[in-house]
Amino acid sequence: MWRATVLTLFPGFFPGPLGFSLAGDARDRAVWDVETVDIRDHGIGRHRAVDDTPAGGGPGMVIRADVVAASLDASIAPDDPRPRLFMSPRGKPLTQARVRSLASGDGVVILCGRFEGVDERVIAARGLEEVSIGDYVLSGGEIAALVLLDACVRLLPGVMGAQASGVDESFENDLLEYPQYTRPRHFEGQDIPPTLLSGDHGKIAAWRRAEALAVTRARRPDLLTNRRTDAD
Ligand code: SAM
């Protein structure tokens, strides 16, 4: 089973939306699971304090290194092979390639930040890999963790149907996906492109490849610079 362990101040976020649809069904079938570790259980003193004011001054609060270390050490064995991620806007942007590599492993350990973030020293001391889900700031790492988990879980064997293996999807092969159509054949003056109704699988594949290239060139030319040209 692919296992996610999430360290958070808000365990109630999980599984949250991942209890529905494909991910929820797969969890019911024990394809994957998520367990939470409440960081507050490792807080300091009678009030279980988890944060303190930033060294050097400034607004907000910072989650303490000792509290995060205690949370990790109490819940993750030293030889646990799973990557340890810290959701952070300062992290490496999450890509479909990284999602595929995470989905092909045993699972993930994810630390969710809050407030101004987490004391830098524990990130280094526990070898956490900082991962961002985009160039904007969320109020906490939980929604970012849910995004990462959703992207991984749908790729686990047996989660998507056989026809929807994801191989043609956006970001596979550094391309966005070609446009999709379904019934009705005519919609408000627009028709389904005739090639898609031709039954000629070679022509359909060529049309889709050309459309994928065109939409990528128009919307995300940066992707094409990474691309292996022999795949065209
Ligand atoms: N002060 C931090 C900064 O400017 O980089 C932002 C802290 S944010 C309010 C609180 C937490 O939300 C972060 O520690 C992180 O866990 C999470 N977070 C916010 N934006 C994120 C993003 N784009 N990707 C991943 N995690 C994010």
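This is a guided tour of a predicted model, moving from the ligand to the nonpolar cores and then to one buried arginine.

**The ligand and its shell**

Begin by selecting the ligand together with the residues around it: there are 21 of them, and the closest are Met 87, Gly 113, Gly 134, Tyr 136 and Leu 138. If you sort this shell by residue type, you will find 10 nonpolar, 8 polar and 3 charged residues.

Next, show the backbone atoms of Tyr 136, where an N or O atom lies 2.8 Å from a nitrogen atom of the ligand. Then move to Leu 138, where a polar backbone atom is 3.0 Å from a nitrogen atom of the ligand, and go on to Gly 140, which has a backbone N or O atom 3.4 Å from an oxygen atom of the ligand. With a surface switched on, consider how much of the ligand is covered: of the 580 Å² of accessible area that the ligand has on its own, the protein covers 84%.

Now colour the elements that give two or more residues to this shell, which are strand 5 (84-93), strand 7 (129-132) and helix 5 (141-153). Strand 5 provides the largest share, with 5 residues.

**The nonpolar cores**

Hide the ligand for a moment and turn to the protein interior. In soluble globular proteins, nonpolar side chains tend to be buried together. Here the largest nonpolar core has 31 residues, and those with the most contacts inside it are Trp 2, Trp 32, Ile 110, Leu 148 and Leu 149. Several elements each supply at least two residues of this core, including strand 1 (2-8), helix 1 (21-28), strand 2 (32-38) and helix 3 (96-103), while helix 5 gives the largest share, 8 residues.

Select Trp 32 and display what surrounds it: leaving aside neighbours within four places in sequence, Trp 32 is in contact with Met 1, Trp 2, Leu 18, Ala 23, Ala 26, Arg 27, Val 153 and Leu 156. Apart from this core lies another, of 19 residues, and you can locate it by selecting Val 68, Ile 76, Val 109 and Val 122, which are among them.

**Arg 114**

For the last stop, select Arg 114, which is found in the loop between strand 6 and helix 4 (120-125). Is Arg 114 buried or exposed? Its relative accessibility is 15%, and because buried means under 20%, Arg 114 counts as buried. Show the side chains of Arg 114 and Glu 142, and you will see that a polar contact of 2.9 Å joins them. Beyond neighbours within four places in sequence, the contacts of Arg 114 also include Leu 9, Phe 10, Phe 13, Ile 63, Ser 139 and Gly 140.

Terms used
Residues numbered from 1 in each chain as written. Predicted model: local features only at pLDDT ≥ 70, side-chain atom pairs only at ≥ 80, totals over all residues. Heavy atoms only, no water. Near = heavy atom within 4 Å. Polar contact = N/O pair within 3.5 Å; in protein donor to acceptor, adjacent residues only side chain to side chain. Areas by Shrake-Rupley, 256 points an atom, 1.4 Å probe, with all protein chains shown as cover. Helix = DSSP H or I, 4+ residues; strand = E, 2+ residues; numbered from the N terminus. Nonpolar A, V, L, I, M, F, W, Y, C, P; charged D, E, K, R; others polar. Core = buried A, V, L, I, M, F, W, Y, C linked by side-chain atoms within 4.5 Å. Buried < 20%, exposed > 50% of the residue type's maximum accessible area, 1.4 Å probe, protein only. Contact = heavy atoms within 4.5 Å.
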